[in-house]
Amino acid sequence: MRLATGGMIDRETQLSFRFDGRIVHAHPGDTVASALLASGIRLVGRSFKYHRPRGILTAGSEEPNALLTVGKGPGREPNVRATVQEVWDGLETQSQNRWPALSLDLMAVNDLASPFFGAGFYYKTFMWPRKAWEALYEPVIRRAAGLGALHRDPGPGEDEKAFAFCDLLVVGGGPAGLMAALAAGRAGARVILAEEDTRLGGRLLAEREHVGGQPGAEWAASVAAELAAMPNVRIMTRTAVTGAYDGGTYGALERVGAHLAPEADRPRYAFWRITAKRAVLAAGALERAMTFSGNDRPGVMMASAVRAYLNRWAVAPGKEVAIFGTGRAARATAEQLLDAGVTVTGLIDPDPGAREAQDYPVFPGGHVIGTHGRQGLSLVKISHGLVEQNIRADCLATAGGWNPQVNIACHQGARPVWDAERAAFLPPEGSVPGLTPAGSANGTFSTAACLTEGWRAGAIAAEDMGHKAPAADLPEAEEEAGATPASWVYEGPGRAWLDFQNDVTTKDVKQSAAEGFSAPEHMKRYTTQGMATDQGKMSNVNALSVLAAATGVAGGPAGTTTYRPPYVPVPISAMGAGARGSGFAPIRRSASDAAVRERGAPMVEAGLWYRASYFPRAGEKTWREACDREVRMVRHKVGVCDVSTLGKIDVQGPDAAAFLDFVYTGAMSTLKTGRVRYGLMLREDGYVMDDGTCARLGDSHYLITTTTAAAGQVMQHFDMVAQVLRPDLDVTFTSVTEAWAQFAVAGPQARVLLRTLMEDDTPLQIPFMGVTDARVMGVPGRLFRISFSGELGFEVAVPVAYGAALWRLIVAQAESLGGGAYGMEALNVLRVEKGFITHAEIDGRATAGDIGLGSMMSTRKDYIGRAAAEREGLTDPGRERLVGLKPVDGARLTAGGFLFSRGAAAERVNAEGYVTSACHSATLGRDIALAFLKRGPERIGEVVRFVDHLRGTDVLCLVCEPTFIDPAGGRMRA
Amino acid sequence: MRIRCPHCGERDRREFTWMGAALERPGGSWGEEMHAYVFLRENPAGPLAELWHHDPCGAMVRAVRDTRTHEMIEPGDAP
């Protein structure tokens with residue numbers, strides 16, 4: 001019910017939203033929770049396991065019950081806390097985990113069966129038969145239990161991620177946080193003040209306290225105004241700090257658009273990574289729940305939340321309210337309710353010495369033993385002295401003391417410390433370097449002490465960073481800290497709930513202890529206590545208290561479970577913002593990209609690059625037809641292929657030759673200027689890392705190529721060698737991959753084609769494995785005579801700016817000669833026909849000897865991997881070594897199939913090798929393959945069995961040399 | 001986690017690639033020393049000298065990290 005006056009809402013403006021289809025009215029400043037309570041709606045959700053009716057328990061982000069699905073369609077968001085969601089006009093909300101309706105939930109039969117569903121129920125009941133788990137138990141359980149569901153389609157719009165840096169991060173904008181920010185801000189430090197609420201003030205917004213002679217909220221607003229005017233202070237409201245990570249890095253979730261109607265380009269959330277030299281944890285405290293029978297009935301609410309709804313939102317959560325608790329919190333709640341015109345039907349105070357009150361009955365030494373009401377509270381059953389009696393109430397406010405929010409201080413592994421005097425867990429000291437807890441997060445509960453402690457923490461942090469702390473400026477404030485009841489667990493005849501989200505009761509925790517799961521971490525896993533979206537904020541201390549009592553530990557809870565980020569739920573879409581679809585990885589496009597796509601060539605990914613798979617022509621129905629044509633084109637006419645994606649590293653310096661000798665198995669120092677050599681690089685463990693060409697451009701100048709995929713790895717390897725292993729060498733290198741566009745021109749007509757691009761044809765006279773400068777259409781470039789196809793081949797390189805133009809020209813020339821462009825499919829067939837290797841062969845398990853290149857391992861110098869490659873196991877002739885395969889009857893071969901001796905059973909123990917690359921050779925008109933086979937080179941001419949278990953192939957193959965055409969290499973040298 | 005690159009200053013850990021423990025390469029033929037260099041690693045709960053590659057600038061950073069706290073004790077140039 002909305003009160004006639006008061007509250008921080010804009011009464012002039014009317015808003016409306018829907019809750020399960022019903023229209024609910026609200027004002028700006030309302031949360032969904034305050035608007036529902038203003039409309040008298042108490043039942044807002046069903047619990048996870050038993051489908052118990054549940055109502056609003058709190059007024060903040062710790063809310064365990066009032067979880068709603070917000071929005072419609074793919075953009076809907078499940079499990080949004082009604083206490084956090086601000087109302088906007090037209091907002092759609094739905095309750096969760098009920099069928100067919102919230103008020104008539106047929107799954108509530110689970111609750112009747114609850115005696116069978118206790119702790120450990122899943123582990124005990126669904127074990128046998130094992131097969132029934134996937135087919136029967138899991139689907140049924142998943143349907144019956146759960147919270148909200150995501151839409152199956154991706155939502156529209158994207159969340160954001162953002163980064164910030166500061167001297168001091170203040171976590172929380174209540175009294176302590178405001179003072180910490182003020183002290184550090186006035187000192188000149190760069191401050192970020194993060195507050196998850198919509199405005200600064202913390203509890204002052206919900207209480208009727210005065211600070212510095214002003215109402216608390218007004219004082220907070222004046223401090224906020226001073227901070228906002230400081231250029232060195234950044235205030236981030238709607239921003240919850242979610243975790244403390246190494247090196248002063250903090251995660252934070254900002255609600256950028258979640259409180260507004262969706263709009264294109266406005267993210268719902270931004271996930272911040274804030275780097276801070278110091279931090280003050282002023283996250284405050286949450287009121288502790290009271291545990292008693294029937295404490296989950298809608299209408300039972302935190303007393304602090306009742307005051308918040310009264311004072312901040314001008315909403316009375318009930319007409320007849322009872323209070324269960326002690327001290328100032330309980331009394332203030334009663335007085336404020338009376339002041340608002342609400343009937344207080346009783347204060348049940350566990351303190352036997354509690355004094356009487358004039359305007360409402362007090363039950364000293366009393367406690368609640370049960371509640372009644374079908375879908376909401378109507379009666380509270382209490383016991384005081386020897387008397388039991390019922391009190392009318394549609395709302396029961398409970399004040400169980402306070403739990404400091406120590407989470408952030410515990411994110412690096414330390415556990416909080418139980419303080420018996422304050423009956424609370426306090427943050428451990430020094431666990432997060434640079435972080436100081438202050439205020440009620442530190443167990444300091446009076447407003448005056450919070451202000452002092454906050455100021456001190458901010459001033460000290462500023463001084464630590466070299467600023468001069470300003471003179472202390474502390475306003476007058478309430479000095480009483482309030483009281484905590486002697487106990488917050490009162491068990492009665494019925495079930496008393498601990499974790500509202502996961503339906504864990506005191507009985508479950510006791511059973512866990514009785515069955516041997518008595519350590520907090522074991523109890524948590526056995527009962528699921530604290531494992532729901534609120535991570536036990538409202539229940540862990542109570543559950544640990546019950547566990548301590550059950551295991552006979554005196555003096556308070558015995559230890560805690562581990563605190564891990566995030567403090568509030570963070571959508572994956574915010575944490576991974578920007579990484580959706582093509583945002584997941586950058587795209588690298590080569591110079592020919594636009595022209596290639598115009599031709600309709602399907603693209604394949606190679607690392608971050610996209611390369612043409614094949615170039616379809618009219619009339620070709622399959623990729624194979626295009627591929628076969630392109631292979632024949634290269635073998636008989638001329639083909640052009642963009643090879644710009646290969647890594648290119650320019651190496652220079654007096655010791656460039658010595659450096660390359662150290663990274664390659666072969667000697668590069670003996671290479672003559674103007675010549676190119678094929679090179680292998682090993683890892684230090686002796687296996688092949690990468691291969692490529694090495695061209696000597698001058699005495700102290702080389703250009704090497706790497707495979708497309710390994711370019712980054714090789715560059716990193718070079719940094720390692722140059723800076724760590726051989727700092728004695730005077731060498732420098734840089735990646736020039738993106739500086740050059742490079743095209744392979746291959747086939748008998750290659751020279752004819754290139755002649756049309758050059759005024760002077762002397763460069764074309766270079767020998768096989770030569771390199772020279774060359775002007776291409778007047779542009780200074782380079783010409784390499786190398787071949788990955790086995791045909792007469794050149795690679796022509798020009799500065800990348802000329803690449804697109806040269807590609808179009810060179811393809812047109814090739815076509816006029818009866819050839820054309822070829823893609824990765826044809827390139828692969830051409831190299832398999834020649835037995836050239838790629839990373840399909842050098843997959844990290846192959847030695848140089850395995851691929852038939854043992855002769856490339858120099859014995860006259862040290863190089864990386866040499867020593868390890870000499871090991872017995874790596875030189876054993878019985879290893880699986882490279883061979884070619886031809887199916888005896890022309891059948892299909894596939895990469896990944898295994899090889900067996902003829903007559904051996906096709907079982908793992910008999911496997912003698914495997915196929916690494918297979919293709920249809922257009923040149924030979926049959927399938928061919930490269931394979932690793934035990935003692936391979938010794939078995940040329942033998943027939944082996946090829947089995948691909950996955951595709952059901954089982955054929956005989958002839959083992960042959962891994963070079964299927966032109967074994968002498970006459971064509972390349974033509 | 002933050003690591004100080006001697007050329008670029010303190011940067012987020014995600015700009016770096018971990019390159020393993022900082023060890024002296026013995027060189028020469030295969031033997032116990034090379035075996036230890038390639039395969040054997042200490043796994044201390046405490047300070048560990050390691051190499052980090054700062055990907056944007058290419059620097060190999062030698063840093064001593066406390067494996068218990070991820071405190072970077074003495075970052076500097078390799079070797």
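**Chain B, its contact with chain A, and a helix pair in chain A**

Buried residues account for 19% of the 79 residues in chain B. The model discussed here is predicted.

User: What makes a residue of chain B count as buried in that 19%?
Analyst: The test is a count of neighbours: 20 or more other C-beta atoms must lie within 10 Å of the residue's own. In chain B, 19% of the 79 residues pass.

User: What is chain B built from?
Analyst: Chain B has 1 helix and 7 strands. Along the sequence the pattern reads β-β-β-α-β-β-β-β. The C-alpha trace of chain B spans about 40 × 30 × 15 Å along its principal axes. Take the contacts in chain B between residues at least 6 apart in sequence: 47% of them join residues at least 24 apart.

User: How do you know that chain B is in contact with chain A?
Analyst: The cut-off is 7 Å between C-beta atoms placed from the backbone. By that test, 18 residues of chain B are in contact with 19 residues of chain A. Strand 3 (16-21), helix 1 (32-39) and strand 4 (47-54) of chain B each supply at least two residues of the side that touches chain A. That side of chain B divides into 9 nonpolar, 7 polar and 2 charged residues.

User: Why is helix 10 of chain A called oblique to helix 12 of chain A?
Analyst: The axes of helix 10 (residues 506-514) and helix 12 (residues 540-550) of chain A cross at roughly 45° and come within 9 Å. Roughly parallel needs an angle under 35 degrees, and roughly perpendicular runs from 65 to 115. The angle fits neither class, so helix 10 of chain A is oblique to helix 12 of chain A. The crossing of the two helices is right-handed.

User: Which residues make that contact between helix 10 and helix 12 of chain A?
Analyst: Helix 10 of chain A contributes Thr506(A), Val509(A), Lys510(A) and Ala513(A). Helix 12 of chain A contributes Ala543(A), Val546(A), Leu547(A) and Ala550(A). The residues of this contact divide into 6 nonpolar, 1 polar and 1 charged.

User: What covers the buried residues of helix 11 of chain A?
Analyst: The cover includes strand 32 (504-505), helix 10 and helix 12 of chain A. Beneath that cover, the buried residues of helix 11 (residues 520-527) are Pro520(A), Met523(A), Lys524(A), Tyr526(A) and Thr527(A). Thr528(A) follows helix 11 of chain A, with a positive phi near 70°.

Key:
Residues numbered from 1 in each chain as written. Chains lettered and ligands numbered in written order. Predicted model: local features only at pLDDT ≥ 70, side-chain atom pairs only at ≥ 80, totals over all residues. Contact = placed C-beta atoms within 7 Å. Helix = DSSP H or I, 4+ residues; strand = E, 2+ residues; numbered from the N terminus. Nonpolar A, V, L, I, M, F, W, Y, C, P; charged D, E, K, R; others polar. Axes fitted to C-alpha atoms, helices over the stretch in contact; angles between N-to-C directions. Parallel < 35°, antiparallel > 145°, perpendicular 65-115°, else oblique. Left-handed = near helix turned anticlockwise from the far one by under 90°. Buried ≥ 20, exposed ≤ 12 C-beta atoms within 10 Å, placed from the backbone.
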